[in-house]
Amino acid sequence: MLEEGLDVQSCNLVIRFDPSATVCSFIQSRGRARMPNSDFILMVKRDDPLAIARVKNYIDSGSTMRQECLTHSDIPCEPLGNTMHGEPWYQVESTGAIVTLRSSVALLYFYCSRLPSDSYYKPYPYFSPDEELGICTLHLPNSCPIQTINVEGNTKLLKQLACLEACKKLHQVGALTDNLVPDMVEEERDAKELASEPYIDEHAKYFPPELIGSCGKESTAHYHCYLIELKANFQYDVQLQEVVLAVRERLDDDFEKVNLDLDVDRGKIIVGIKHIGYISLDSEQMTLCRRFQITLFRLLLDHKLDKLYEEDNQYSEKIDSSIFNYLLLPTIGSPQNISIDWKCITSVTYPENSSKDEHNNCSGNGGNGPRMHTKNGSACRCMLENSLVCTPHNGVVYCVNGSLDGFNGNTYLELKDGESITYKNYYKRTHGIDLQFERQTLLNAKRIFTVHNFLQRCRISSAKESRNTTYELPPELCLIIMSPISISTFYSFSFLPSIMHRIESMLLASSLKSMPLDHCPQNVVIPTLTVLEAITTKKCQENIHLESLETLGDSFLKYAVSQQLFKTHQNRHEGLLSLKREKLIRNATLCKLGCDRKITGFIRNEPFDPKTWMIPGTNHTLENELFSSTKKIYVNGSRKIKGKTVADVAEALIGAFLSAGGEIPALSFVAWLGIDVDFVSVPYTRGVCVKPELHVNIGHLESILNYSFKDVSLLVEALTHGSYMRPEIPGCYQRLEFLGDAVLDYIITVHLYHENPGLSPGLLTDLRSASVNNDCYANSAVKAGLHKHILHLSPELHRHINTALSNFDEINSKSTFGWESETTYPKVLGDVIESLAGAIFVDSGHNKEIVFQSLRPLLEPLVTLETVRLHPARELNELCQREHFNFKKLVSQLNGLAYVTVEVEAHGVLHKEMRSAANKDTAKRLACKAVLKSLKEGVFA
């Protein structure tokens with residue numbers, strides 16, 4: 001049964017047992033069912049034809065009125081008069097919105113229905129009328145900014161008068177908007193509109209301007225030289241050599257601190273970068289260097305000669321076009337006396353760089369003389385022994401690494417089937433080629449190296465990748481492409497696309513970090529590598545990605561926004577604060593802000609593909625745009641990025657600035673992003689509890705918390721549940737819980753981050769999830785005996801706490817961390833830990849360290865890397881994805897309980913478990929845990 005005027009938003013069924021006296025009564029009763037597609041049942045005696053006829057008349061009358069209203073819907077309303085036929089009313093001057101004596105009851109109940117509630121308490125007003133004195137006191141819920149309303153007047157209208165006065169006061173303090181609807185309603189509407197804004201997922205992809213230049217006819221150009229050092233942790237018969245990166249601008253000092261690990265099929269290659277000086281090149285040298293690297297990289301990437309000449313023609317045709325204006329040059333000499341290997345660079349000009357006169361002093365071995373017959377004609381043996389050749393009969397490109405004395409066309413070759421055959425006969429049988437110079441010494445060669453993404457985490461090499469295979473080539477079948485050039489040069493250059501991709505990414509990260517730092521009040525240094533980590537997603541499949549920084553940034557943003565809202569809206573309830581916070585930190589908002597700041601162009605959301613890598617020196621059409629009022633950036637095509645990815649990167653960047661510079665740089669980044677927050681302390685003004693010592697045991701609680709309150713009423717507020725409506729306690733714990741939730745989340749996340757340096761991405765998320773959850777907090781509250789001090793008037797809450805206590809000893813003996821428990825704790829128990837954190841935070845002058853020192857003993861033992869357990873739902877989901885099992889989940893509600901059924905089909909066997917609990921999350925956790933157990937005992941036993 002519902003009191004007149006009570007509005008129940010979730011009502012979807014109304015049953016009326018007594019007949020409606022009038023059509024108005026009928027329509028009003030039917031209107032109690034607020035939910036869409038709801039039902040209205042009117043009970044009428046079967047043998048009462050008059051009552052049945054009356055109901056049919058009501059239905060027809062309602063249809064007639066509805067049709068009449070629709071007919072006149074486009075006719076403007078006449079202005080309201082100055083009176084409401086003698087009925088008191090209140091009008092908002094700015095909008096003209098009106099609430100009357102009769103409508104005020106429904107409006108007040110509607111307002112109360114939008115206040116925060118839980119399963120143990122539904123906020124509603126209650127009245128204390130005194131008909132003899134003609135007065136009435138209206139008591140409003142603790143979360144309402146106004147606690148009591150006193151009115152006097154006609155005894156029959158006392159409740160209505162109190163409701164009208166309450167509506168007036170609520171509007172004056174902003175709890176009702178100028179349209180006389182609860183503030184929550186308009187806040188929800190704004191949030192819904194924001195969420196419905198369309199998102200365009202096509203975004204530009206940036207390229208760093210430091211590596212872009214023009215292909216003009218400069219007489220001389222000056223370059224900064226960086227030595228790329230390559231060191232392998234494995235043995236291989238081909239040695240690595242250093243390479244010089246020549247760029248037109250000096251790079252940040254961060255680049256010299258980078259130690260990059262490349263995952264190759266034999267082990268790891270450690271890459272170091274250091275500045276070694278400057279070099280000046282004339283136009284001919286620049287042209288030669290560009291031609292060299294274009295030729296070398298095109299052969300490495302394509303293993304074909306087809307595109308080689310296309311690149312030469314394209315390059316020569318587009319003078320003054322934009323190119324990737326940096327050089328990668330081979331070196332010779334010791335690390336202490338390194339220099340450019342110009343002889344190697346001229347290999348691209350073969351045969352122009354090889355005249356017979358230069359090789360008159362060369363001596364051959366084996367009685368074969370210094371020259372050999374090739375597809376190019378006669379060539380000196382020394383030029384062949386360090387060259388890149390192609391065998392036209394099969395189109396394969398080889399790196400020649402010397403000759404094989406004692407091996408010629410008449411030497412026997414043992415085939416895979418054990419047959420022995422001379423090389424001459426082998427080429428005749430296999431390729432139909434007659435060797436004309438069968439006595440020439442054979443060349444020792446390897447196929448040209450393949451360029452891979454060596455940044456990829458745990459890269460698995462294919463069987464085709466073996467580079468230990470050597471080939472014996474008759475010189476007369478070889479077409480020399482480049483000479484002299486060593487096999488070490490090709491081996492070392494095969495890693496450069498991956499290295500340059502990382503350098504390009506770091507240059508973008510450096511450009512991105514400079515923008516917020518320009519607005520930072522402190523002179524801080526943010527490592528470029530940290531920013532790079534923040535813009536790298538897991539899809540890149542590299543050893544770094546944003547997950548840990550995203551977790552850190554998410555907790556900081558939640559904390560910063562929560563404390564800002566708490567101090568800015570001091571007379572607003574927790575429900576409105578939570579909605580405002582959600583609107584500010586939700587993915588849609590962060591995505592929009594990230595797009596406005598053009599963060600999307602810097603995001604790395606796909607693995608490096610060497611086939612799409614643009615060779616330095618080649619011509620490309622690149623647009624440029626202003627990243628800021630003074631900084632230019634180049635656009636290298638576009639790609640699709642999900643909105644959540646943009647939001648994740650924004651949070652990770654906050655985490656990057658926080659981890660490297662502290663809260664002030666992180667706060668400045670948040671402000672640059674477009675969220676206005678600060679850490680200025682503001683006094684907390686509210687109704688103060690009278691004689692707090694009468695309500696709680698202050699001394700005992702302070703000893704539990706190891707903290708002495710300056711304002712003891714905060715302690716009372718932190719322990720007062722919404723059901724405990726007493727005039728002497730003007731508030732409940734909801735606002736402090738809102739603040740404490742964010743504070744605890746942040747300080748625990750920061751603690752875990754700093755306690756586990758070098759934590760692999762993803763583990764911080766697991767640690768945080770296992771530490772920051774309501775079940776963990778509830779367990780801590782019970783251990784400390786805080787449940788005995790909660791002020792409430794809910795029999796259901798009392799029963800639920802007792803049920804949890806009866807299983808507490810068994811739960812606690814297992815040293816669980818929240819979700820290992822199979823018992824559902826009342827959420828109130830966890831809320832109290834958060835509200836106490838909020839109370840200490842406010843009382844201590846926003847000192848987070850004091851909060852952590854006070855509550856850490858209650859939260860011990862904190863989860864560690866050794867004790868952390870994945871949430872059963874996540875563990876099961878990852879298992880099913882990894883093993884390709886079919887996963888299904890069904891959720892239902894019955895008699896106030898949530899039922900979750902989880903099904904997993906593994907290798908043709910169905911593993912099905914159903915669990916019930918007071919809430920859906922607990923039931924889901926228990927069902928997933930049961931299925932995991934079944935899988936481990938069956939499939940993985």
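The largest pocket of this predicted model encloses about 1,100 Å³ of space, where a pocket is, on a 1 Å grid over the protein atoms alone, an open set of points with protein on both sides within 12 Å along at least five of seven lines, and lining residues have an atom within 4 Å of a point; a volume is the space filled by probe spheres set on the points, which are joined across faces, edges and corners. The lining of this pocket comprises 41 residues, of which Thr 824, Tyr 825, Pro 826, Lys 827 and Asn 919 are the closest to its centre. Two or more lining residues are given by each of helix 21 (734-755), helix 23 (774-783), helix 24 (795-806), helix 26 (827-843), strand 30 and helix 29, helices (H or I, at least four residues) and strands (E, at least two) being DSSP runs numbered from the N terminus. By class, the lining is made up of 13 nonpolar, 17 polar and 11 charged residues, with Ala, Val, Leu, Ile, Met, Phe, Trp, Tyr, Cys and Pro counted as nonpolar, Asp, Glu, Lys and Arg as charged, and the others, Gly among them, as polar.

Residues are numbered from 1 along each chain as its sequence is written. Local features need pLDDT of at least 70 and side-chain atom pairs count only at pLDDT 80 or more, while totals for chains, interfaces and linings use all residues, and side-chain values use heavy atoms, with hydrogens and water left out.

Strand 30 (909-917) is also an edge strand, as is strand 28 (886-894), of an open antiparallel sheet of three strands in the order 28-29-30, two strands being paired if DSSP finds at least two bridges between them. Strand 29 (residues 897-906) is joined to strand 30 by nine bridges, and Tyr 899 stands opposite Ser 916 in strand 30. Helix 29 (residues 920-938) packs on this sheet and touches strand 28, strand 29 and strand 30, its direction making about 150° with that of strand 30; axes are lines fitted to C-alpha atoms, for helices over the stretch in contact (heavy atoms within 4.5 Å), and angles run from 0 to 180 degrees between N-to-C directions.

Four cavities of 30 Å³ or more were counted, a cavity being a set of points where a 1.4 Å probe fits but cannot get out. The second largest, of about 40 Å³, is lined by Phe 255, Val 258, Leu 260, Ile 273, Ile 499, Arg 502, Ile 503 and Met 506. Helix 12 (residues 496-517) contributes the largest share of this lining, four residues.
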